[in-house]
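Student: I have a new model to look at and lots of "how do you know" questions. Can we go through it together?

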Amino acid sequence: MKVKFNPDKQIVELVKEGLKKNGGYCPCRSERTEDYKCICKEFREQINDPDFEGYCHCMLYYKSKD
């Protein structure tokens, strides 16, 4: 299992900029709760799921099975 940044550098830059503006909270969500603090609860759970492979909600990270 590997978690890495999206290979699209433009998306990574945009999301990181949004994270800075929002104090580390996901820029793709309107609520600011601990569940949406990067790396969000949803993606942490997906990381722990051995069958999940894909992007986090905001497309910053990608989890591969290999």
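Tutor: Sure, let's take the terms one at a time. This is a predicted model, where local features need pLDDT of at least 70, side-chain atom pairs count only at pLDDT 80 or more, and totals for chains, interfaces and linings use all residues. Residues are numbered from 1 along each chain as its sequence is written, and side-chain values use heavy atoms, leaving out hydrogens and water.

Student: What makes D8 a cap for α1?

Tutor: A side-chain oxygen of D8 lies 3.0 Å from the backbone nitrogen of Q10. A polar contact is a pair of N or O atoms within 3.5 Å, one able to donate a hydrogen and the other to accept it, so 3.0 Å fits.

Student: How do you know how the span of α1 compares with the expected one?

Tutor: The expected span is 1.5 Å times one less than the number of residues. With 13 residues, α1 reaches 18 Å from its first C-alpha to its last, close to the 18 Å expected.

Student: Which residues of α1 are called buried?

Tutor: V12, V15, G18 and L19; buried means under 20% relative accessible area, exposed over 50% (1.4 Å probe, protein chains only). They cover an arc of only 130 degrees around the axis, so they sit on the same side of α1. On the other side, K9, Q10, E13, L14, K20 and K21 are exposed.

Student: Why do β2 and β3 count as paired?

Tutor: Pairing takes at least two DSSP bridges between strands. Two bridges join β2 to β3, so these antiparallel strands qualify. G54 stands opposite K63 there.

Terms used
Helix = DSSP H or I, 4+ residues; strand = E, 2+ residues; numbered from the N terminus. Arc of directions from axis to C-beta.
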